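User: I've got a new model open and would like to talk through a few of its details. Can you take my questions one at a time?

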Amino acid sequence: MSFVSPLFLWYFMPAVLLAVLVCPRSWRNGIVAIGSLVFYATGAGSFTLLLLACMVVNFAAGPSLEPDEWDMRPPTWRRRLLISVVAFDLSILVIWKYAGFATEQVAAFTQLLGGDFPIVQLALPIGISFFTFHHISYVVDIYRGERKALRDPVSFATYISMFPQLAAGPIVRYREIADQLPQLRSHRLDDIAAGFPRFALGLCKKAIVADSLAPMVDACFSTPSDQMTFAIAWLGAIGYTLQLYFDFSGYSDMAIGLGRMLGFRLPENFARPYASVTITEFWRRWHMSLSRWFRDYVYIPLGGNRHGVGKTYRNLSIVFVLTGFWHGAAWTFVVWGLYHGALLIIERAFGWDRAPEATGPRVARRALTLALAVFGWVFFRAADLGQALNMIGHMLLPDFAGLTNVVEAALTNQRLVILLAALVIFFLPAHPVAGPLLESARSRSATVLRVGVMTVGLAYAAILVATGTFSPFLYYQF
């Protein structure tokens with residue numbers, strides 16, 4: 001079930017919100033947990049059993065992972081238990097997400113030697129990368145003594161399976177939501193009034209902008225290599241840069257808005273990333289919940305930047321290889337991760353990770369950062385490395401060949417207008433960020449934005465949804 005499907009918008013979401021609104025507040029977690037499992041089951045089917053199995057293992061381990069000075073077991077007991085649970089969580093992720101990729105590499109190598117090796121093909125459960133990271137966050141935060149383990153299975157199920165963030169984030173660390181799980185909500189109408197405009201903003205981003213650009217981007221990236229041109233390569237790269245941002249930030253806005261309507265404050269995930277002046281700043285603004293997760297559970301445990309320059313660069317490289325691989329089992333994602341890791345290392349090595357203060361250098365650095373991000377997205381979107389390198393090669397070598405008939409047909413007048421309007425995001429200042437402004441600000445500009453989104457934007461998005469012009473969120477595949 002997608003956030004932009006009629007089933008969700010006209011039936012599921014109103015039913016859950018109405019139940020939370022009219023039922024006693026002590027029922028909230030149960031309603032959210034049951035609704036979330038129903039939401040997941042409609043899309044994942046039997047994979048719901050896999051999610052439940054992971055939940056049982058992590059919930060059962062939680063109390064034993066708490067630090068306890070009266071525990072008479074050996075000091076290494078908790079550490080061994082933590083390693084076992086994390087290994088279990090990662091093994092589930094590795095088997096379902098990477099077994100096919102791994103056996104493909106072995107099969108290719110075996111074929112060179114004249115042999116044969118079977119390739120494993122497993123369907124990817126929706127949201128497996130996200131609920132795996134939530135489980136790891138839960139057990140690690142308990143082990144570190146940052147939060148207590150949950151004894152109530154309903155509250156635990158609410159955290160792990162909460163439908164606003166279950167399929168595609170934001171990644172909510174346990175420490176960020178543990179204090180919200182007790183059912184103390186009292187201002188339910190205020191929460192709905194604050195959260196619904198944020199949800200509507202995300203729906204407009206997705207239905208009006210991202211889905212409108214998708215056919216044009218698909219046409220550009222599916223252009224045969226011998227027909228690729230400078231214009232098609234740049235149109236596809238810039239189009240995808242915009243499509244991905246409006247799709248994923250739109251999903252995040254919808255998730256945060258839904259969470260607020262249910263009484264939860266989910267973490268922000270985007271803060272105008274294309275306004276960044278450095279790649280370092282870009283990663284503080286893009287998919288922020290993922291960056292924070294890798295910082296807290298990988299980068300800092302590896303030593304962070306505390307043990308010299310060489311180990312800092314090593315740790316950054318490890319984090320960004322894992323970041324790329326987390327997004328998908330393909331070499332294109334690994335190269336994309338290495339690309340961004342290398343850019344971060346270069347910025348640190350030459351002191352370019354600090355933004356210049358003068359206006360001229362800031363503008364130039366912002367343009368360079370945006371261009372580097374656009375080139376990186378080509379690897380992220382391309383079907384394979386060959387296609388990515390072919391597109392980048394044409395982006396670097398101007399020609400006057402223009403567009404093919406297929407791309408011209410995909411670039412309709414309506415999509416061209418949407419593309420030009422979406423390009424404005426490249427020129428907006430870094431602050432304020434529209435989502436939080438829309439949700440809580442009481443200024444005149446926030447009111448104007450809120451009224452515009454809730455009237456013109458929401459009406460147009462609803463028409464698009466009703467006509468069936470929506471597509472799945474891009475991050476559902478991760």
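User: Let's start with D211: is it buried or exposed?

Analyst: Keep in mind that this is a predicted model. The relative accessible area of D211 comes to 9%. Buried means under 20%, so D211 falls on that side of the cut-off and is buried.

User: Which residue does D211 meet in a salt bridge?

Analyst: Side chains of opposite charge can pair when their charged atoms come close. Here the N to O distance is 2.9 Å. The partner has 0% relative accessibility, so it counts as buried. That partner of D211 is K206.

User: How many salt bridges does the structure hold?

Analyst: The pair of D211 and K206 is one example. Another joins R285 and E281. For the structure, the count is 17.

User: R198 forms a salt bridge with E268; how many residues apart in sequence are the parts this pair ties together?

Analyst: The closest N and O atoms of R198 and E268 are 2.6 Å apart. R198 lies in helix 9 (residues 188-221), while E268 sits in the loop between helix 10 (230-261) and helix 11, so the pair links parts whose separation in sequence is 70 residues.

User: And E268 itself, what does it count as in terms of accessibility?

Analyst: Its partner R198 is buried, with a relative accessible area of 2%. E268 has 25% relative accessibility. Buried needs a value under 20% and exposed one over 50%, so E268 counts as partly exposed.

User: R285 and E281 also meet in a salt bridge; about how many helical turns separate them?

Analyst: Their side chains meet at 2.9 Å, N to O. An α-helix has 3.6 residues a turn, so residues three or four places apart point the same way. R285 and E281 are 4 residues apart in helix 11, so their separation is about one helical turn.

User: Are R285 and E281 buried or exposed?

Analyst: R285 has a relative accessible area of 9%. For E281 the relative accessibility is 16%. With the cut-off for buried at under 20%, R285 and E281 both count as buried.

User: Which residues do salt bridges that share partners join into one network?

Analyst: Two members, R295 and D296, fall within helix 12, which spans residues 288-302. Shared salt-bridge partners join them with others into one network, made up of D141, E146, R173, R175, E176, R295 and D296.

User: Where does helix 12 bend?

Analyst: Helix 12 has 15 residues and reaches 20 Å from its first C-alpha to its last, close to the 21 Å expected. Even so, there is a bend of about 45 degrees. The residue at that bend is R295.

User: Which helices help cover the buried residues of helix 12?

Analyst: The buried residues of helix 12 include M288, L290, W293, F294 and Y297. What covers the buried residues includes helix 5, helix 8, helix 11, helix 13 and helix 14.

User: What is the phi of G303, just after helix 12?

Analyst: Helix 12 covers residues 288-302, and G303 comes just after it. The phi of G303 is positive, at about 120 degrees.

User: Last one: which residues form a nonpolar patch on the surface with about 360 Å² of accessible area together?

Analyst: One member lies in helix 1 (residues 6-22). That residue, Y11, is exposed, with a relative accessible area of 56%. The patch is formed by L7, W10 and Y11.

Terms used: Residues numbered from 1 in each chain as written. Predicted model: local features only at pLDDT ≥ 70, side-chain atom pairs only at ≥ 80, totals over all residues. Heavy atoms only, no water. Helix = DSSP H or I, 4+ residues; strand = E, 2+ residues; numbered from the N terminus. Expected span 1.5 Å × (residues − 1). Bend = angle between axes of the 7 residues up to and from the residue. Buried < 20%, exposed > 50% of the residue type's maximum accessible area, 1.4 Å probe, protein only. Contact = heavy atoms within 4.5 Å. Patch = residues over 30% accessible without salt bridge, like charges linked within 9 Å, V, L, I, M, F, W, Y side chains within 5 Å. Areas by Shrake-Rupley, 256 points an atom, 1.4 Å probe, with all protein chains shown as cover. Salt bridge = Lys/Arg side-chain N within 4 Å of Asp/Glu carboxyl O.
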